[in-house]
Amino acid sequence: MPRAWNKRGVWGEMQMLSEYLAAHYPNDQVRMRVRMGTVQLPTTGGLSERDARAVNHVFLRWADAVVVTPTELIVIEAKMRADPSAISQLELYRELVPKTQELLPFLGRRIVAELVVSIEDPAVTAMASRRSIRVRVYKPAWLGEWAARRRRNESRPTLSGGLT
């Protein structure tokens with residue numbers, strides 16, 4: 001059973017992701033919370049370096065995880081409940097991989113975007129598939145308790161995901 005839950009369920013997502021990574025990528029390089037892209041400090045506008053960094057902080061993007069396998073560079077976004085916003089995040093992260101200094105040594109590998117969810121939504125899965133985003137469903141042992149603490153309509157999608 002996970003520790004105390006916060007209202008947004010962020011801890012649940014990171015715990016779920018940690019368990020998923022340990023189960024599915026035990027022998028690969030795993031990096032959590034990877035800053036994607038580069039920070040470009042403005043050179044005009046009379047901002048001090050401190051103020052420029054504060055402005056740029058808004059534009060930093062963080063992938064939940066990056067996994068390096070012998071053949072793939074996998075950028076991962078994790079959600080307890082499938083959410084279409086994760087698709088645009090992953091599309092952006094996939095574009096930012098070549099601009100991410102930490103990932104440059106691995107650019108010879110195939111870049112894969114992967115959405116990891118505990119509660120699948122067929123509409124989100126179909127949308128991700130059309131955009132070449134891999135969807136993986138991982139249900140941790142404590143999912144039932146997490147869902148019980150959510151509002152009832154947040155813990156499961158409609159049966160068809162709205163596709164019918």
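Glu13 is a residue of helix H1, which covers residues 10–24, and the model in which it appears is a predicted one. This briefing begins with that residue and then turns to the chain as a whole and to the surroundings of helix H4.

**Glu13 and its surroundings**

- Although Glu13 is buried, it has no salt bridge, and the nearest side chain of opposite charge, that of Lys79, is 4.9 Å away.
- Because a salt bridge requires a side-chain nitrogen of Lys or Arg within 4 Å of a carboxyl oxygen of Asp or Glu, the pair formed by Glu13 and Lys79, at 4.9 Å, does not count as one.
- When neighbours within four places in sequence are left aside, Glu13 is in contact with Ala78, Lys79 and Met80.

**The chain as a whole**

- The chain contains 5 helices and 5 strands, and, read along the sequence, these elements follow the pattern α-β-α-β-β-α-β-α-β-α.
- The chain has 164 residues, of which 40% count as buried.
- Among contacts in the chain with a separation of 6 or more, 70% are accounted for by residues that are 24 or more positions apart.
- About 9700 Å² of the chain is accessible surface, and carbon and sulfur atoms account for 51% of that area.

**The two ends of helix H4**

- At the start of helix H4, which covers residues 122–130, a side-chain oxygen of Asp121 reaches to within 2.9 Å of the backbone nitrogen of Ala123.
- Just after helix H4, the residue Ser132 takes a positive phi, with a value of about 60°.

Key
Residues numbered from 1 in each chain as written. Predicted model: local features only at pLDDT ≥ 70, side-chain atom pairs only at ≥ 80, totals over all residues. Heavy atoms only, no water. Polar contact = N/O pair within 3.5 Å; in protein donor to acceptor, adjacent residues only side chain to side chain. Helix = DSSP H or I, 4+ residues; strand = E, 2+ residues; numbered from the N terminus. Buried < 20%, exposed > 50% of the residue type's maximum accessible area, 1.4 Å probe, protein only. Contact = heavy atoms within 4.5 Å. Areas by Shrake-Rupley, 256 points an atom, 1.4 Å probe, with all protein chains shown as cover. Lys, Arg positive; Asp, Glu negative; His and termini not counted.
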